[in-house]
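Student: I should like to go through this structure and ask, for each label, which criterion supports it.

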Amino acid sequence: VPDEEQVERKMLEILDELARSGALSLSSLLLGGRTMTNLVVTILALLEMSRTGRVRVTQEEQFGDVSIVPA
């Protein structure tokens with residue numbers, strides 16, 4: 001079960017990557033580790049950052065990749 005510290009660490013990783021590249025895709029975030037825990041932690045981090053207005057998460061087409069940009 002992911003804990004709060006794992007989610008916060010992932011949020012910082014995502015924000016650092018966004019600062020460098022300006023935009024990300026969900027598929028690129030999941031390349032580093034294809035485990036269920038990594039997937040859950042990444043999704044929770046993105047949901048929290050979206051809820052607090054730090055990022056915008058969009059999907060152009062059904063079943064397409066998800067784009068993440070700074071808000």
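**Criteria and values**

Tutor: Let us begin with arginine 51, which forms a salt bridge with glutamate 48, the closest N and O atoms being 2.7 Å apart. The model is a predicted one, in which local features need pLDDT of at least 70, side-chain atom pairs count only at pLDDT 80 or more, and totals for chains, interfaces and linings use all residues. Residues are numbered from 1 along each chain as its sequence is written, and side-chain values use heavy atoms, with hydrogens and water left out.

Student: Why is the contact between arginine 51 and glutamate 48 called a salt bridge?

Tutor: The term requires a side-chain nitrogen of Lys or Arg within 4 Å of a carboxyl oxygen of Asp or Glu. Arginine 51 and glutamate 48 have their closest N and O atoms 2.7 Å apart, and the pair therefore qualifies. Both residues lie in helix H3, three residues apart, about one turn of the helix. Helices (H or I, at least four residues) and strands (E, at least two) are DSSP runs, numbered from the N terminus.

Student: What makes arginine 51 exposed or buried?

Tutor: Buried means under 20% relative accessible area, exposed over 50%, and partly exposed in between (1.4 Å probe, protein chains only). Arginine 51 has 63% relative accessibility and therefore counts as exposed. Its partner glutamate 48, at 27%, counts as partly exposed.

Student: How many salt bridges does this rule give?

Tutor: The count comes to four. Among them is the pair of glutamate 5 and arginine 9, whose side chains meet at 3.1 Å, N to O. These two lie in helix H1 (residues 4-21), four residues apart. Glutamate 5 is exposed at 54%, whereas arginine 9 is partly exposed at 43%. Another of the four joins glutamate 13 to lysine 10, with the closest N and O atoms 3.5 Å apart.

Student: How do glutamate 13 and lysine 10 come to be about one helical turn apart, and which class of exposure does lysine 10 fall in?

Tutor: Glutamate 13 and lysine 10 are three residues apart in helix H1, so about one helical turn separates them. Lysine 10 has 11% relative accessibility and is therefore classed as buried, while glutamate 13, at 45%, is partly exposed.

Student: What does threonine 42 touch, and how is a contact defined?

Tutor: Contact means heavy atoms within 4.5 Å. Not counting residues up to four places away in sequence, threonine 42 touches Lys10, Leu26, Leu29 and Leu30. Threonine 42 is found in helix H3 (residues 36-51), and its 0% relative accessibility makes it buried.

Student: What makes the nonpolar surface patch, and how is a patch defined?

Tutor: Patches are made of residues with over 30% relative accessible area and no salt bridge; like charges are joined within 9 Å, and nonpolar side chains (Val, Leu, Ile, Met, Phe, Trp, Tyr) within 5 Å. The patch consists of Met36, Leu39, Val40, Ile43, Leu44 and Leu47, and covers about 500 Å²; accessible areas come from the Shrake-Rupley method with a 1.4 Å probe, and for residues only the protein chains shown count as cover. Valine 40, in helix H3, is partly exposed at 31%.

Student: Why are E1 and E2 said to stand at the edges of the sheet?

Tutor: Three strands form an open antiparallel sheet in the order E1-E3-E2. Strand E1 (24-25) and E2 each have a single partner strand, so one side of each is left without a neighbour in the sheet. Two strands pair if DSSP finds at least two bridges between them; E2 and strand E3 (residues 66-70) have five, in the antiparallel sense.

Student: Is isoleucine 68, in strand E3, buried or exposed?

Tutor: Isoleucine 68 has 0% relative accessibility and so counts as buried. Beyond its neighbours within four places in sequence, isoleucine 68 is in contact with residues including Leu18, Leu46 and Val57.

Student: How does the radius of gyration agree with that of a compact globule?

Tutor: The radius is taken over C-alpha atoms, and the globule rule is 2.2 Å times the number of residues to the power 0.38. For 71 residues a compact globule would have a value near 11 Å; the protein has 11 Å, and the two therefore agree.
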